[in-house]
Amino acid sequence: AKGVAERIRGAFQDTTIDGVDGRLSASVGVACGRAGQALDDLLRAADRALDRAKAEGRNRVVVASTLA
């Protein structure tokens with residue numbers, strides 16, 4: 001999942017839009033569910049990972065399992 005997220009982030013970074021100065025960026029939070037895990041818990045983990053990606057400087061992918 002992280003590899004897919006990194007490819008998407010890279011595609012945003014490499015995209016140019018006529019008339020727009022600067023680069024696009026994407027911050028992504030990735031979480032992988034476990035058997036029996038509630039969807040709300042999975043979404044909460046992904047949201048925390050997204051918040052951390054933004055806090056660490058944006059334009060990055062953070063995987064929830066790497067969170068302390």
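The buried residues of helix H2 pack against two strands, E1 (28-30) and E2 (61-63), and this arrangement is a convenient place to enter what is a predicted model. The residues of H2 that count as buried are Ala45, Ala46, Ala49 and Ala53. They cover an arc of only 95 degrees around the axis, which puts them on the same side of H2. An α-helix has 3.6 residues a turn, so residues three or four places apart point the same way. On the other side of H2, by contrast, Asp40, Leu43 and Ala55 are exposed. The helix itself runs over residues 39-55, a stretch of 17 residues, and from its first C-alpha to its last H2 reaches 24 Å, close to the 24 Å expected at 1.5 Å a residue.

The contact between H2 and strand E1 can be followed through a single residue, Gly29, which lies in E1. Leaving aside residues up to four places away in sequence, Gly29 touches Ala46, Ala49 and Leu50, and also Val62. Two of these partners, Ala46 and Ala49, are among the buried residues of H2, while Val62 belongs to strand E2. The C-alpha atoms of Gly29 and Ala49 are separated by 4.4 Å, although the two residues are 20 residues apart along the chain.

Strand E2 is the other element against which the buried residues of H2 pack, and two of its residues deserve a closer look. Val62, found in E2, counts as buried at 6% relative accessibility, because the cut-off for that class is under 20%. From C-alpha to C-alpha, Val62 and Ala26 are 11 Å apart in space, with their positions 36 residues apart in sequence. Val61, also found in E2, is buried with a relative accessible area of 10%. Not counting residues up to four places away in sequence, Val61 touches Val28 and Val30, and its contacts also include Lys2, Ala5, Glu6 and Arg9. The C-alpha atoms of Val61 and Arg9 are separated by 7.7 Å, the two residues being 52 residues apart along the chain.

The contacts of Val61 with Ala5 and Arg9 lead to helix H1, which comprises the 12 residues 2-13. At 1.5 Å a residue H1 should span 16 Å, and its end C-alpha atoms are 16 Å apart, which agrees. Which residues of H1 are buried? They are Ala5, Arg9 and Gly10. They cover an arc of only 135 degrees around the axis, which puts them on the same side of H1. What covers these buried residues of H1 includes E1 and E2, the two strands against which the buried residues of H2 also pack.

Between H2 and E2 the chain passes through a loop, and its backbone angles merit attention. Just after H2, Gly57 takes a positive phi of about 120 degrees. Arg58, which is found in the loop between H2 and E2, has a positive phi of about 65 degrees although it is not a glycine. Asn59 has its place in the loop between H2 and E2 as well, and its phi is near 55 degrees, again a positive value in a residue other than glycine. With a relative accessible area of 23%, Asn59 is partly exposed.

The pocket brings several of these parts of the chain together. The largest pocket has a volume of about 200 Å³, and H2 gives the most to its lining, with five residues. The residues lining this pocket are Ala31, Cys32, Arg34, Gln37, Asp41, Leu42, Arg44, Ala45, Arg48, Val63, Ala64 and Ser65. By class, the lining has six nonpolar, two polar and four charged residues. Ala45 appears both in this lining and among the buried residues of H2.

Notes: Residues are numbered from 1 along each chain as its sequence is written. This is a predicted model: local features need pLDDT of at least 70, side-chain atom pairs count only at pLDDT 80 or more; totals for chains, interfaces and linings use all residues. Side-chain values use heavy atoms; hydrogens and water are left out. Helices (H or I, at least four residues) and strands (E, at least two) are DSSP runs, numbered from the N terminus. The expected span of a helix is 1.5 Å times one less than its number of residues. Buried means under 20% relative accessible area, exposed over 50%, partly exposed in between (1.4 Å probe, protein chains only). The arc is that of the directions from the helix axis to the C-beta atoms. Contact means heavy atoms within 4.5 Å. On a 1 Å grid over the protein atoms alone, a cavity is a set of points where a 1.4 Å probe fits but cannot get out, and a pocket is an open set with protein on both sides within 12 Å along at least five of seven lines; lining residues have an atom within 4 Å of a point. Grid points are joined across faces, edges and corners, and a volume is the space filled by probe spheres set on the points. Ala, Val, Leu, Ile, Met, Phe, Trp, Tyr, Cys and Pro count as nonpolar, Asp, Glu, Lys and Arg as charged, and the others, Gly among them, as polar.
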